[in-house]
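Reader: I'd like to practise reading a model like this one with you. Where shall we begin?

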Amino acid sequence: MKFPVLAALASQILAVSAGTILWDGRFNDLSASTDLNNWSWGNQVGPYQYYIHGASAVTAYVNLSADFKNPADAGSKQGAKITLDKTAYWNGQTMRRTELIPQTTAAIATGKVFYHFSLMRKAVNAPATTREHQIAFFESHFTELKAGWLSGAAGIEDPLLRWCIGGQTQWSTNWDAGVWHNVAYEIDFSAGTVGFWHSTGGDALTQTVAPVKASTSSNGADWHVGVLELPRDGYADANEDYYWSGVYIESGSLTTSVSGPGAPAGGSSSSSSSAAASSSTSSVKSSTSTTLVTSTTKAVTTSSSSTTTTSTSTKAQTTSSTTTSAAPAATTTASGCTAARYAQCGGNGFSGCTTCASGSTCKYSNDWYSQCL
Ligand SMILES: *[C@@H]1O[C@H](CO)[C@@H](O)[C@H](O)[C@H]1NC(C)=O
Ligand SMILES: *[C@@H]1O[C@H](CO)[C@@H](O)[C@H](O)[C@H]1NC(C)=O
């Protein structure tokens, strides 16, 4: 923070109700998705960790464009199209996964913080309604969005986009094509609660679900901006595209405007891996050309309750590997909670639940990943 006084002044000017950006995952700092390749375990640069993806080039899974953002989001110069294709299997797993994870040492998993993002799908390459998709989730799945038929549910398909706590649906809506869903998870890591702020199109966020109890736990590097699709016998893979913009985490008061705090910084990101974006509110927003595209199809809310069966019986945890290689900061793992089937249950840097739901056991995949299978 070079000019604290100026920055404070500037943020007062624009902070009608803006908090402090702890981490800025808006894609303003990237010129192309290939910049994600700069990141590795040995060279942790840029705003995102990029390692959960298939074996093809990054452009098969992530592309950036101004066409991919919520047009009402003046704070983002572009959005990301995140894709699952036939090759999107990570690390020999049976799930298709394309996920970005915050690269930061900022305190994004302490106290009360807001995790912001906007999400849209189109009619083309629509996410399958016949398979479960976990979206914008934490490893321990204490909060996440889900779309499509829930694994283990009755029936064949499910058109809903849901917000879940510990796998249980708290809110849902039909996931219509072309509608931007703006979301902020209001996470209080101290109180152990999560609230849900939501709007569509260019509307300001409103608190749609007041904070509810959750097993909030995160090592600060396990928010998955992207999608994990569970396998389902008899359903072939088709290409799926997910559009994202306005990804950032703030503390203090919540920014409810979808245009977000600050204007695009013009790609002048420092590549320092620490909270480089913490002063980005200092750029005074002068944009007046916000195109406010209000969605014509207003999402219809149906409050179908989740039929997911989340077993809570506990099972002895398999010992995790002690091998280390260029390990991120040592972590403590959460105890007393249960990881759902298919969730991560161990690995270097992992701080989520290490006990698997009954019927699954924690299987070592590599030093970075063990999974309930
Ligand atoms: C990634 O590396 C390339 C090549 O060195 C560089 O031009 C680009 O600015 C880097 N991107 C980021 C976001 O640091
Ligand atoms: C990403 O962009 C590249 C270059 O324009 C293109 O070849 C590729 O097909 C795109 N990927 C997706 C998934 O759309």
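Author: Let's begin with burial: a residue counts as buried when its relative accessible area is under 20%, as exposed when it is over 50%, and as partly exposed in between. Please keep in mind that this is a predicted model. His-141 is a good first case: its relative accessibility is 6%, so it counts as buried.

Reader: Where does His-141 lie, and what is its phi?

Author: His-141 sits in the loop that links β7 (133–138) to β8 (143–147). Its phi is near 60 degrees, a positive value in a residue other than glycine.

Reader: Let me try the same reading on Asn-91. Is it buried, partly exposed or exposed?

Author: Asn-91 has 37% relative accessibility, so it counts as partly exposed. Its phi is also positive, near 60 degrees, and again the residue is not a glycine. You will find Asn-91 in the loop between β4 and β5.

Reader: Gly-92 is in the loop between β4 and β5 too. How does the cut-off apply there?

Author: The relative accessible area of Gly-92 is 75%, and exposed means over 50%, so Gly-92 is exposed. The strands on either side of its loop are β4 (79–84) and β5 (96–102).

Reader: Which residue far along the sequence can Gly-92 be paired with, and what is the distance?

Author: Ser-365 is 273 residues away in sequence, while the C-alpha to C-alpha distance is 8.7 Å.

Reader: How do I read the chain as a whole?

Author: Start with secondary structure, then look at contacts and surface. The protein chain has 1 helix and 20 strands. Of its contacts between residues at least 6 apart in sequence, 67% join residues at least 24 apart. Buried residues account for 55% of the 373 residues. The chain exposes about 14900 Å², with carbon and sulfur atoms supplying 53% of that area.

Reader: And the interior: which residues touch the most other members of the largest nonpolar core?

Author: A nonpolar core is a set of buried residues of certain types joined through side-chain atoms within 4.5 Å. The largest one here has 49 residues, and those touching the most other members are Tyr-115, Phe-117, Ile-135, Tyr-185 and Trp-223. Leaving aside residues up to four places away in sequence, Tyr-115 touches Phe-138, Tyr-185, Trp-223 and Tyr-248, among others. A second, separate core has 8 residues, including Cys-337, Ala-343, Cys-345 and Cys-356.

Reader: Now the ligands. Which residues surround ligand 1?

Author: For a ligand, list the shell, then the polar contacts, then the covered area. Asp-29, Leu-30, Asp-35 and Asn-38 surround ligand 1. By class, that shell has 1 nonpolar, 1 polar and 2 charged residues. A polar side-chain atom of Asn-38 is 2.3 Å from a ligand 1 oxygen, and an N or O atom in the side chain of Asp-35 is 3.5 Å from a ligand 1 nitrogen. On its own, ligand 1 has 360 Å² of accessible area, of which the protein covers 43%.

Reader: What does that procedure give for ligand 2, shell first?

Author: Its shell consists of Thr-59, Ala-60, Asn-63, Lys-81 and Thr-83, with 1 nonpolar, 3 polar and 1 charged residues. A backbone N or O atom of Thr-59 is 2.7 Å from a nitrogen of ligand 2. Side-chain N or O atoms also lie by ligand oxygens, at 2.3 Å for Asn-63 and 2.8 Å for Lys-81. Alone, ligand 2 exposes 360 Å², and the protein buries 41% of that.

Methods
Residues numbered from 1 in each chain as written. Chains lettered and ligands numbered in written order. Predicted model: local features only at pLDDT ≥ 70, side-chain atom pairs only at ≥ 80, totals over all residues. Heavy atoms only, no water. Helix = DSSP H or I, 4+ residues; strand = E, 2+ residues; numbered from the N terminus. Buried < 20%, exposed > 50% of the residue type's maximum accessible area, 1.4 Å probe, protein only. Contact = heavy atoms within 4.5 Å. Areas by Shrake-Rupley, 256 points an atom, 1.4 Å probe, with all protein chains shown as cover. Near = heavy atom within 4 Å. Polar contact = N/O pair within 3.5 Å; in protein donor to acceptor, adjacent residues only side chain to side chain. Nonpolar A, V, L, I, M, F, W, Y, C, P; charged D, E, K, R; others polar.
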